[in-house]
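Me: Could you take a close look at one loop residue for me, and set it against the chain as a whole? I'd like the cut-offs spelled out as you go.

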Amino acid sequence: MIWVVIILLLALLAICVVLQMKIKHIREQEAESSQLLNDYQKRVNEMEKLLKDYRSLEQNFDNVGQGYEEALMAFDKMEEEKQKVLKVKETIEKQASEVMAAKQKLEETMLKKKDMIEKYAEGLKQKLDYTHPNAGTIALMANQILNVNDIDMEQALNSEDNVMAQDIAALAIQESGISSFQKAEFKCQMVEEAQATMVFTSSKHAVRALVCLLDNAMKFTTQGQIILLINIEGSNLEFCVEDTGTGVLSEYAEKIFEPYVKLNDFFEGNGIGLTVARSIARRLGGDIKLDTEYHGGARFVFSLPI
């Protein structure tokens, strides 16, 4: 009996050992499986992260692609606008070129007309018989035409004549008709030094500038006298026109030389005589100024380099 019990106990012990070993093996398998499952889950997680990163990259790529396409479209639009601007620029340049050509042609035409007017007016003055009582009036009208023709000219005048100072004065007196002016007495005075003085200038233009000054004196002098004084001052020949007329306030000393300026609308004239006179003087290398220290009328000084 005892042996049977012992055998049964041994059998049970063996069974327990086997079961224990199986349980251990199972646990080891479970542990291994759990590790494998953890590793698997880790890999799944990594795969999901990689998939997420891939999708993010894919989205970024799509965005980049979209941005690239938009950039290409914007570039194409800019290129299209550039071509339009270039065409407009080309059109404007062509129009500007045509305008410049037309302007040059017009200026050439205007210069030809100015030259023609000057030739006819100067020719008319040369043909006048100054013994006739209306000759001075006609000469003044011719000079006014020349002044209007010359109002916007700026280029230097060619000095072509060696002329005596007294000859310029004589021609200006003749063309202005001041010798027969009845409202005021006219005198012409010349210092001894100026009597033999010659200047190299444009005689017709110098005469016209002096005529403007004499004509201006006649307009604003209703009594008293007008004096033309020919003098030498330094290296300049001076023609001084003095009158006992209405005079000019010192603050208008420069204003009166502006074109179309008239300080008194009651007197005749178009306001360009003094403008043209100074323009001629300066284009001949000289000048015309109002002597603001002179009182009792007006005194204009026309200087020419000797």
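Reply: Happy to; here is the loop residue T197, followed by the wider chain and two cysteines. This is a predicted model, in which local features need pLDDT of at least 70, side-chain atom pairs count only at pLDDT 80 or more, and totals for chains, interfaces and linings use all residues. Residues are numbered from 1 along each chain as its sequence is written, and side-chain values use heavy atoms, with hydrogens and water left out.

T197 sits in the loop that links β2 (185-190) to β3 (198-201); helices (H or I, at least four residues) and strands (E, at least two) are DSSP runs, numbered from the N terminus. With a relative accessible area of 10%, T197 is buried (buried is under 20%, exposed over 50%, partly exposed in between, using a 1.4 Å probe and protein chains only). A polar atom of the T197 side chain lies 3.0 Å from the backbone oxygen of E193. Neighbours within four places in sequence aside, T197 is in contact (heavy atoms within 4.5 Å) with V163, M164, A165, I232 and I306.

Now the surroundings. The protein chain has five helices and seven strands, running in the order α-α-β-α-β-β-α-β-β-α-β-β. Of its 306 residues, 31% are buried. Among contacts with a separation of 6 or more, 73% join residues 24 or more positions apart.

As for the cysteines, C240 is buried at 1% relative accessible area, whereas C188 counts as partly exposed at 40%. The structure holds zero disulfides, a disulfide being a pair of cysteine sulfur atoms within 2.5 Å.

Notes
Polar contact = N/O pair within 3.5 Å; in protein donor to acceptor, adjacent residues only side chain to side chain.
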